[in-house]
Each structure stands twice: as structure tokens, then as C-alpha cells.
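The following exercises ask the reader to work through the helices of a model and the surroundings of selected residues. Each task is followed by a solution in steps.

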Amino acid sequence: MASGQQQRSELDARARQGETVVPGGTGGKSLEAQEHLAEGRSRGGQTRKEQLGTEGYQELGQKGGQTRKEQIGREGYQEMGRKGGLSTTEKSGGERAAEEGVDIDESKFSTS
């Protein structure tokens with residue numbers, strides 16, 4: 001079994017090759033850098049949570065939902081619902097639509 005120091009060395013080597021080895025550490029060029037980035041991002045999120053509170057996050061969600069509604073409109077939500085309605089536990093709506101020849105126009109609800 002690898003020691004803690006050996007595991008850290010292996011993780012550091014992978015991080016130096018560009019792999020994200022710490023959740024939230026994306027962009028760090030070493031294990032230590034990724035750890036610091038993850039910690040800073042976590043603290044930033046906590047600070048923002050304290051600033052906004054529950055009501056603030058609800059308001060942000062409503063604004064985002066309104067923006068999305070304006071982007072895709074009624075047709076976009078209808079098309080998205082058709083695709084979602086085809087989904088099962090075994091297959092996604094897209095897979096079932098393809099198999100059954102149901103035309104789903106994703107451009108109606110995809111923004112690029």
C-alpha cells in the first residue's frame with residue numbers, strides 16, 4: 001500500500017501533466033496549487049452564500065429562469081418536453097427519438 005507521501009507525489013505528477021486531481025482545483029499546475037484553488041473557491045462560495053442568503057439565491061434562480069424563457073420561448077420548452085417525455089430509465093430521450101424516428105429540433109432549445 002502506498003504511503004501518504006507517495007500518494008501525494010503521484011497526484012502531484014498527474015497534476016503537473018494537466019490533470020485535475022482535486023475537485024475544484026481546475027487550472028492548478030501542481031497538487032498544492034489545486035488544493036489552494038479549491039479552498040479559495042469554496043471560501044468564495046461560502047462568502048457569497050452569506051451575502052445573498054436564501055432569498056438572494058431564489059431571486060438569482062428566478063432571473064436565470066426568466067432569461068432562459070426569453071431565449072427559447074414556448075416552442076423551445078415544448079420541444080424540450082417532447083424529448084424529455086421519450087426518456088426512460090434505460091434510454092435517454094435523444095436515443096429513443098432516434099430509434100423511433102421522432103424528429104426533435106434541438107435548435108429550438110439549444111443556445112449557442
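**Exercise 1. Compare the span of helix α2 with that of a straight helix, and locate its bend.**

Solution. The model is a predicted one. Step one takes the expected value: at 1.5 Å a residue, a straight helix of 56 residues would span 82 Å. Step two takes the model: helix α2, residues 31-86, spans only 43 Å between its end C-alpha atoms. Step three locates a bend: α2 turns by about 90 degrees at glycine 53.

**Exercise 2. Carry out the span comparison for helix α1, and describe the glycine that follows the helix.**

Solution. Helix α1 covers residues 4-16, which makes 13 residues. From first C-alpha to last it reaches 18 Å, close to the 18 Å expected at 1.5 Å a residue. After α1 comes glycine 18, with a positive phi near 105 degrees.

**Exercise 3. Determine how α1 and α2 are oriented to each other, and which residues make their contact.**

Solution. A pair of packed helices is described by two quantities, the angle between the axes and the distance between them. For α1 and α2, the axes come within 8 Å and cross at roughly 85 degrees. Angles of 65 to 115 degrees count as roughly perpendicular, and α1 and α2 are therefore roughly perpendicular to each other. On the α1 side the contact is made by Arg8, Leu11, Asp12 and Ala15, and on the α2 side by Leu31, Gln34 and Glu35. Sorted by class, this contact of α1 with α2 has three nonpolar, one polar and three charged residues.

**Exercise 4. List the buried residues of α2 and name helices that help to cover them.**

Solution. The buried residues of α2 are Leu31, Gln34, Ala38, Gly56, Ile72, Gly76, Glu79 and Leu86. What covers them includes α1 and α3, the latter being residues 93-100. Leu31 and Gln34 are among the buried residues, and both also take part in the contact of α2 with α1.

**Exercise 5. Classify glycine 40 and glycine 73 by exposure, and relate each to a residue elsewhere in the chain.**

Solution. Both assignments begin with location: glycine 40 is in helix α2, and so is glycine 73. The class buried requires under 20% relative accessible area, and exposed requires over 50%. Glycine 40 has a relative accessible area of 40% and is therefore partly exposed. Glycine 73, at 23% relative accessibility, counts as partly exposed. Turning to distances, glycine 40 and glycine 24 are 16 residues apart along the chain, with their C-alpha atoms separated by 9.2 Å. Glycine 73 and threonine 26 are 47 residues apart in sequence, and their C-alpha atoms are 34 Å apart in space.

**Exercise 6. Which residues do lysine 108 and threonine 111 contact, leaving aside neighbours within four places in sequence?**

Solution. Lysine 108 lies in the segment after α3, as does threonine 111. Lysine 108 is partly exposed, with a relative accessible area of 31%; threonine 111 counts as partly exposed at 48% relative accessibility. The C-alpha atoms of lysine 108 and glutamine 71, 37 residues apart along the chain, are separated by 9.3 Å. Threonine 111 and isoleucine 72 are 39 residues apart in sequence, with 7.9 Å between their C-alpha atoms. Beyond the excluded neighbours, lysine 108 touches Ile72, Glu75, Gly76 and Glu79. Under the corresponding exclusion, threonine 111 is in contact with Arg68, Gln71 and Ile72. Ile72 appears in both lists, and Ile72 is one of the buried residues of α2.

Technical notes:
Residues numbered from 1 in each chain as written. Predicted model: local features only at pLDDT ≥ 70, side-chain atom pairs only at ≥ 80, totals over all residues. Heavy atoms only, no water. Helix = DSSP H or I, 4+ residues; strand = E, 2+ residues; numbered from the N terminus. Expected span 1.5 Å × (residues − 1). Bend = angle between axes of the 7 residues up to and from the residue. Buried < 20%, exposed > 50% of the residue type's maximum accessible area, 1.4 Å probe, protein only. Contact = heavy atoms within 4.5 Å. Axes fitted to C-alpha atoms, helices over the stretch in contact; angles between N-to-C directions. Parallel < 35°, antiparallel > 145°, perpendicular 65-115°, else oblique. Nonpolar A, V, L, I, M, F, W, Y, C, P; charged D, E, K, R; others polar.
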